[in-house]
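Please look through the model below before reading on. The paragraphs that follow go from the overall fold to a pair of helices and then to two individual residues.

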Amino acid sequence: MKHVAPLGGTAVQDHVALAEIELCGELMIAASAADEERLSLESIDEVLKVAEERAAPAG
């Protein structure tokens with residue numbers, strides 16, 4: 001049995017999946033603009049704003 005979206009325009013969005021897709025897009029843009037063959041771990045952290053997340057207070 002196939003599962004299909006109900007008619008009537010009620011779209012369910014997976015916000016986590018959408019955020020992951022956006023981050024992947026940011027990484028692809030950074031990789032295509034990079035001079036080196038691969039992004040360094042530091043570059044990846046910068047694109048994903050990992051340092052900002054670590055510095056932000058929890059809560």
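The secondary structure of this protein, which is a predicted model, comes to 3 helices and 0 strands, and along the sequence these elements follow the pattern α-α-α. Of the 59 residues in the protein, 5% are buried, where buried stands for a relative accessible area under 20%. The protein exposes about 5,700 Å², and carbon and sulfur atoms supply 59% of that area.

How do the helices H1 and H2 cross, and at roughly what angle? The axes of H1 and of H2, the helix formed by residues 41-48, come within 10 Å and cross at roughly 130°. Angles under 35 degrees count as roughly parallel, those over 145 as roughly antiparallel and those from 65 to 115 as roughly perpendicular, with the rest classed as oblique; H1 and H2 are therefore oblique to each other. The crossing of H1 and H2 is, in addition, right-handed. On the side of H1 the contact is made by Leu23, Glu26, Leu27 and Ala30, while H2 contributes Ile44, Val47 and Leu48.

Within helix H1, which spans residues 15-33, one finds serine 32. Is serine 32 buried or exposed? Its relative accessible area is 63%, and because the exposed class begins over 50%, serine 32 is counted as exposed. A polar atom of the serine 32 side chain lies 2.9 Å from the backbone oxygen of isoleucine 29, a separation that falls within the 3.5 Å used for a polar contact.

Past H2 the chain enters the loop that lies between H2 and helix H3 (50-55), and this loop is where lysine 49 is found. What is notable in the backbone of lysine 49 is its phi, which is near 60° and thus a positive value in a residue other than glycine. The relative accessible area of lysine 49 is 45%, and since values between 20% and 50% are classed as partly exposed, lysine 49 is described as partly exposed, whereas serine 32, with 63%, is exposed.

Methods:
Residues numbered from 1 in each chain as written. Predicted model: local features only at pLDDT ≥ 70, side-chain atom pairs only at ≥ 80, totals over all residues. Heavy atoms only, no water. Helix = DSSP H or I, 4+ residues; strand = E, 2+ residues; numbered from the N terminus. Buried < 20%, exposed > 50% of the residue type's maximum accessible area, 1.4 Å probe, protein only. Areas by Shrake-Rupley, 256 points an atom, 1.4 Å probe, with all protein chains shown as cover. Polar contact = N/O pair within 3.5 Å; in protein donor to acceptor, adjacent residues only side chain to side chain. Axes fitted to C-alpha atoms, helices over the stretch in contact; angles between N-to-C directions. Left-handed = near helix turned anticlockwise from the far one by under 90°. Contact = heavy atoms within 4.5 Å.
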